[in-house]
Amino acid sequence: MKINQALDSDQSGSLERGVRARERLLQEAMRIFADKGFAQASTREICQAAGTNVASIHYYFGDKAGLYRAVLLRPIEALTSEFANFDDPALPLEEALRCLMTAFLCPISMGVHTDAGAECGMKLHLREMVEPSAAYKEVIAQYIQPHHQRVVMLLARHVGATEADDALHHLAFALLAMVHDYSLSREFMNVLAPALLDGDEAVRQVLNRLVGYGVALVAHERGVRAAAN
């Protein structure tokens with residue numbers, strides 16, 4: 001009995017150490033990839049920073065590309081996990097947009113923009129905008145595309161369309177760009193309008209306005225379609 005308990009304890013401790021090692025690798029890889037990009041980042045440097053041996057990347061992620069893919073996925077998974085059922089047909093448009101936009105504004109409200117990991121994630125995302133990698137395109141196609149389609153079909157229902165078309169994609173991009181910019185351009189906004197987003201109440205006011213703007217954009221598209229018929 002005692003032997004079994006000891007084995008279970010050893011296995012549990014080993015699993016916990018493995019989880020911590022994997023997390024350290026992800027954190028340090030995020031920082032180094034954000035600073036140097038995929039090509040210039042060294043796996044040896046990442047392992048040294050994480051305090052793990054050079055075989056750990058192969059053990060947890062397969063190779064450098066697998067590690068990079070896991071790093072790219074972290075902020076995407078964190079964001080999309082907040083979307084919940086924004087496209088539930090039972091939700092009024094205003095509530096659907098509020099659910100969707102809250103996912104983008106929550107990190108600002110919670111002060112996550114000051115977190116080093118979040119800043120590295122944003123820096124890496126911006127780097128990919130300038131130097132897009134094959135891995136990034138693959139991650140977007142696999143993990144973002146399905147959510148984009150959910151947004152488009154939500155909009156289709158509210159403008160009376162039966163299927164997706166170019167105008168609905170334009171509308172989806174406009175809605176998401178509007179709210180996403182509050183994350184991407186936070187420091188820029190702080191220079192132009194200091195304290196604009198300071199505090200939960202300020203963020204709630206921004207959310208209310210963006211939801212209102214979103215409803216107006218959808219109404220405009222609905223009107224354009226009605227006029228065309």
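**Helix packing and residue environments**

Helix α8 crosses helix α10 with right-handed geometry. A crossing counts as right-handed if the near helix is turned clockwise from the far one by less than a right angle, and as left-handed if anticlockwise. The model is predicted: local features need pLDDT of at least 70, side-chain atom pairs count only at pLDDT 80 or more, and totals for chains, interfaces and linings use all residues. Residues are numbered from 1 along each chain as its sequence is written, and side-chain values use heavy atoms, with hydrogens and water left out.

Helix α8 spans residues 166-184 and α10 spans residues 200-228. Their axes come within 11 Å and cross at roughly 165°. That angle makes α8 roughly antiparallel to α10. Axes here are lines fitted to C-alpha atoms, for helices over the stretch in contact, and angles run from 0 to 180 degrees between N-to-C directions. Angles under 35 degrees count as roughly parallel, over 145 as roughly antiparallel, 65 to 115 as roughly perpendicular, and the rest as oblique. On the α8 side, the contact involves Ala-167, Leu-168, Leu-171, Leu-175, Met-178, Val-179 and Tyr-182. These meet Val-206, Leu-210, Tyr-213, Gly-214, Leu-217, Val-218, Glu-221 and Arg-225 of α10. Contact means heavy atoms within 4.5 Å. By class, the residues of this contact are 12 nonpolar, one polar and two charged. Ala, Val, Leu, Ile, Met, Phe, Trp, Tyr, Cys and Pro count as nonpolar, Asp, Glu, Lys and Arg as charged, and the others, Gly among them, as polar.

Helix α10 also packs against α7. Here the axes are 9 Å apart, at an angle of about 55°. The two helices are therefore oblique to each other. The crossing of α7 past α10 is right-handed. Leu-155, His-158 and Val-159 represent α7 in the contact, whereas α10 contributes Val-218, Glu-221, Arg-222 and Arg-225. Three of these residues are nonpolar, one is polar and three are charged.

A further pairing joins α4 and α7. Their axes come within 10 Å and cross at roughly 20°. This places α4 roughly parallel to α7. The α4/α7 crossing is right-handed. From α4, the contact draws on Tyr-68, Arg-69, Leu-72, Leu-73, Ile-76 and Thr-80. From α7, it draws on Ala-135, Tyr-136, Glu-138, Val-139, Ile-140, Gln-142, Tyr-143, Ile-144 and His-147. The class count is 10 nonpolar, three polar and two charged.

The protein chain has 10 helices and zero strands. Helices (H or I, at least four residues) and strands (E, at least two) are DSSP runs, numbered from the N terminus. Of the 229 residues, 34% count as buried. Buried means under 20% relative accessible area, exposed over 50%, and partly exposed in between (1.4 Å probe, protein chains only). Among contacts between residues at least 6 apart in sequence, 69% join residues at least 24 apart.

Individual positions were examined next. Val-71 lies in α4, which covers residues 64-80. Val-71 is buried, at 0% relative accessible area. Beyond residues up to four places away in sequence, Val-71 touches Leu-26, Ala-29, Met-30, Phe-33 and Leu-124. The C-alpha atoms of Val-71 and Leu-25 are 9.4 Å apart, with the two positions 46 residues apart in sequence numbering. Leu-93 belongs to α5 (residues 93-109). At 10% relative accessibility, Leu-93 is also buried. Outside its neighbours within four places in sequence, Leu-93 contacts His-158, Val-215, Val-218 and Arg-222. A C-alpha separation of 9.3 Å links Leu-93 to Val-211, 118 residues apart along the chain.

Two loop residues complete the set. Ser-133 sits in the loop between α6 (116-130) and α7 (134-159). Ser-133 is buried, with a relative accessible area of 17%. Ser-133 contacts Tyr-68 and Glu-128, leaving aside neighbours within four places in sequence. Ala-195 occupies the loop between α9 (186-192) and α10. Ala-195 has a positive phi of about 70°, although it is not a glycine. At 48% relative accessibility, Ala-195 is partly exposed.

Cysteines were also considered. A search of the whole structure finds zero disulfides, a disulfide being a pair of cysteine sulfur atoms within 2.5 Å. Cys-99 is partly exposed, at 31% relative accessible area. Cys-120 is buried, at 16%.
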